[in-house]
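Got your viewer open? Keep the selection box handy, and we'll go from one stop to the next.

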Amino acid sequence: MPEELNDKPADKSLKGKALEAYNWVEQRVQLQAPFEEAMLHPVPKSTASWWYVFGSAAATLLMLQIVTGILLALVYVPSGAEAWKSLQILNHDLPLGWFLRAMHGWGSNFMVAVVLIHMAQVFMFGAYKFPRELTWVVGVIMLLMTLGMAFTGQVLRFDQDSYWGLGIGASITSRIPIIGAPAVQLMLGGPIIAGATLTRFFALHVFVIPGLLLALTGLHIWMVVKLGINEWPMPGRRVNKKTYIREYHELTHKDGLPFMPGALWKDAVFSAAILLAVAVCAAIFGPYGPTGQPDPTIIQTVPKPDFFFLWLYAVLSYLPPALETPFLLTVPAVGIAILLALPFWAGEGEKSWHRRPVAVMVLALVAVSWGTFTHLATFTPWSPVMNAWSGANVPEKMTHNLSPVERQGAVILQSKQCRNCHALGGEGGQRGPALDDVATRLTEDQLIRQVVQGGGNMPAYGKSLTPSEVTALVKFLDTMHPANQPAATDASRAAVAANTPAAVPAPAAQAEPAPAKAQ
Amino acid sequence: MTENNHTPDLVEAEHHTVQDDPKVVTRRWILMGIGALLNGVVGIAVAVPVVRYILGPIRKKGAYNSWISLGSATQFPAGETRLATYENPFNRPWDGETAKVACWVRNIDGQKFQVFAVNCAHLGCPVRWFPQSSLFMCPCHGGAYYQDGSRASGPPERGLFEYDYKLVRGELHIDAGQMPTLANPASPNSPGEQSANGGLTVITNAPGGCGSCQKS
Ligand code: FES
C-alpha cells in the first residue's frame, strides 16, 4: 500500500518512480478508497463458492464482446450492399479475421448461456429477495438486453438466415393490434428489408443496447457491492425485512472474509476458463456463417434462427394457428412481468431450495421445455424436406412383386412431392406420418379420402391428381404393410366382395374422365 | 479500509459553505427551477423533430405502393406459375441486392393472372412452388398453399398475399412496394377499382373452404 510519500526525499529507484507516478494520479482521481472499500468489504464465507462465479463471468464476457466487437467494426461495413462482402473479407482475406468473428459469435453464445445460468442460480438461491429486489429487476432487464444483442447481432451477419429472420421478426411485429403496420415500417426503416433495416439494427447493436447494458452492468455491480453478496441459503433461515440487514451484518462479521482475495480468486479462475472455452470453440468450430448472400430472389433457402431462438421456432411450428397471435403477444409480456414482479411478490421468507419445491419445479419445467423445444428445432420434424421427392427414392424392397398399377402408384408418390412430408424407410419428411405400414392403419376408402380431400396437416390432392393417379397411388399404399400383418379392410367391403363372384374394379377410378389439368 | 492507508487529499480543507440569508437561498432555488424549466422546454422543442425523424419510415397505408412492371406478360405461359423478380421502387443506393423482391406469377388461363408474394402468410419465409403437386410449400414450419394461393395446411391463418395486377400494353403490372405481412397487405390500394382486376377472386380464407372440389 502506498504510504504518504510526498514529503519523503525523492526515491530514485524505478519502483520509487512508479509509486510517485501512482500517487500523482491517485491524488487527482481519488479512486483508491472506494475501490478498496468495494474489494475488501467482508462477505459471508459461504459465498466464496464456485456457485457464485457466473455473474462475474458474464461481465467478463461482456468485456470480450466489446473488445472483439470494436475490432470487427474496424472492417465491417453496415451497408445493405457491402455487409455480406465485408464479412467474407474478414473470414478469408484478413489474417485471423475469421478468428475474431468466431470469438465474437461464440462469445455471444457463451454470454447468453452464462447469463441464463447466473439467473437460474440467483433464483434457486433466493437472492432476489429483500433487499436485493432492484438488483434482480435490473438483472432481468440486462437479460433482455443480452437477448436483444444476440438477435441484432444475428441481423448484422446479413446473410440469408438474417434476411428471412428479419422477415419473421416483421411478421411477428405485424400481429400487434392497431399499431402493427407502422411498427413493421419502423422496425424495417422502410417498406421492405433493405439497407435501412441493417443500419438501424447496427445502431441498436453497436450504440444503443451496449451503452445501456454497460450502464446497467455498472448499476448492478454497484448494488451487489452495496447490499452485499447473498449468503448461502440455509433451510429455516427466513428473510424478514425487519431483521435481515442486522443478521446479514452479523454474518459477514462473525463468519465473513474480505471479498478479495477470498471469493474473487474463484471468479478470476472461472472467467479465465470461460474465455479459454470461447477461444477453443472459436478455433475449432470457426465463425458463424455468413450463409448465402441476402438476395431475396434466391428462395431456395431454409432459414433458421440462431441457437437461443430455436425454441421459439419450434413453438411457432406447433401452436395451432388460432393461438399463435395471442401467444406471441401475451406470453413474452406476461413472462417478463412475472420475472419483474417476483421479488416484490416473494420478497421475504425461505431462501433455501429445500423449502421451495414450487420454485424448483418451475425451474426444472422451464429448463426441460426449453431443452425439448431446442432439440426438436435442431431437426425440425414439422418442416417439409424440400428435396426429398427428388432425393430420397422409394426403397427398392417396397417395389418388389408389385403389379404395374401399384408401381405406377410408387412413381406418383415420388413425383408428387409426397415424400417431402412422408418418410419411407426412414427417409423423407416427418411432417406427416411415415408410410411404411400405412395400409395397416387406413382402409382403401380411407386412403382415397385422405389423398383427395386431405385433412389434418395434409393438403387435398384432389385437384392435382387425376382419378386414375389416385387409384394407382392408393393401390401402392395398400401394399404398405408388413408381410405378417394384413392391410386394413372395411368390413362391409369384405361382405360385398364375398357375395360378388367377379371382382369389381376400383370404384372411383374409371367413374369419370380425367379433368383437363391446369398444369 | 483504514484511513491512513490512502494517498493524501490535495483538497484537505473542510468544505464549509457560508450561511446565507434564507431569502437569498429561496431566490437561488427559484432560479434553479427556472433553469430546469428552460431545459425542459428546449428539450421538448428539440425532441419533436427527433421523434419525427425516428418515425420517418412510417407512412400511410399504400404510400409505399406503386404500379411496377414485371415485363412482358408473354414470359408467363398460360397454366403455369413462375417466379418473377423486380426492383422495389422505394430503395436506397446502398441497398444492393436487398432492393430486389421476388413474387410468384400464376397465369391462370392466358387472360387472368394471380401474383403472390413469396412471403408465407405465417411468418414470412419464402414459399416454393411445386408444379407436380400444384402446391406452394413453406420451408419454415410446414405451411402449404394450393395453386390459387388459398391455404392448404399448416400454421398459416390465411392464403398467400396477393398483389393487384393490370395488363398495360402486354406488360404485367403489379401494385407492390412493401413487404406483405398480416398488417400490411400486399396491395392496399382498394382492389376492384382497377378494371383489369375486376374478375379476380379475392382469396377467401374460410377454413372450411373447398379444397377438394374438382375443377369442372
Ligand atoms: S413461415 Fe411459412 S409456415 Fe411458418
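Which residues of chain A does UniProt list for "domain: Cytochrome b/b6 N-terminal region profile"? Select residues 21-233 of chain A: that is the stretch given in the UniProt record, which is an unreviewed entry. Keep in mind as you look around that this is a predicted model.

**Stop 1: two stretches of chain A**

With residues 21-233 of chain A still selected, switch to a cartoon view. You're looking at 73% helix and 1% strand. The C-alpha atoms at the two ends of this stretch sit 45 Å apart.

Now move along to residues 404-481 of chain A, where UniProt (again an unreviewed entry) places "domain: Cytochrome c". Here the chain is 42% helix and 0% strand, and the end C-alpha atoms are 18 Å apart.

**Stop 2: chain B on its own**

Hide chain A for a moment and show chain B. How many helices and strands does chain B have? Count along and you should find one helix and eleven strands. The helix comes at the start of the pattern, with the strands following it along the sequence. Chain B has 216 residues, and 44% of them count as buried. Look at contacts in chain B between residues at least 6 apart in sequence: 52% of these join residues at least 24 apart.

**Stop 3: where the chains meet**

Bring chain A back. The contact involves 81 residues from chain A and 78 residues from chain B. Together the two chains bury about 6,800 Å², with 59% of that on carbon and sulfur atoms.

Zoom in on Arg175(A) and Glu157(B), whose side chains form a salt bridge at 3.2 Å, N to O. The total between chain A and chain B is two salt bridges, and there are 27 residue pairs in polar contact. Several helices of chain A give two or more residues to this side, among them α1 (14-29), α9 (195-227) and α18 (444-453). Colour the side of chain A that touches chain B by class and you'll get 40 nonpolar, 29 polar and twelve charged residues.

**Stop 4: one asparagine**

Last, select Asn88(B), in the loop between β2 (81-87) and β3 (100-107) of chain B. Is Asn88(B) buried or exposed? Asn88(B) counts as buried because its relative accessibility is 1%, and the cut-off for buried is under 20%. Show what surrounds it: Asn88(B) touches residues of chain A, including Pro191(A) and Ile192(A), as well as residues of chain B, including Val101(B) and Gln178(B). A polar atom of the Asn88(B) side chain also lies 3.1 Å from the backbone oxygen of Gly177(B).

Conventions: Residues numbered from 1 in each chain as written. Chains lettered and ligands numbered in written order. Predicted model: local features only at pLDDT ≥ 70, side-chain atom pairs only at ≥ 80, totals over all residues. Heavy atoms only, no water. UniProt positions renumbered as here; feature names shortened; annotations may be inferred. Helix = DSSP H or I, 4+ residues; strand = E, 2+ residues; numbered from the N terminus. Contact = heavy atoms within 4.5 Å. Buried area = accessible area lost by both parts, 1.4 Å probe. Salt bridge = Lys/Arg side-chain N within 4 Å of Asp/Glu carboxyl O. Polar contact = N/O pair within 3.5 Å; in protein donor to acceptor, adjacent residues only side chain to side chain. Nonpolar A, V, L, I, M, F, W, Y, C, P; charged D, E, K, R; others polar. Buried < 20%, exposed > 50% of the residue type's maximum accessible area, 1.4 Å probe, protein only. Lists of a residue's contacts leave out its neighbours within four places in sequence.
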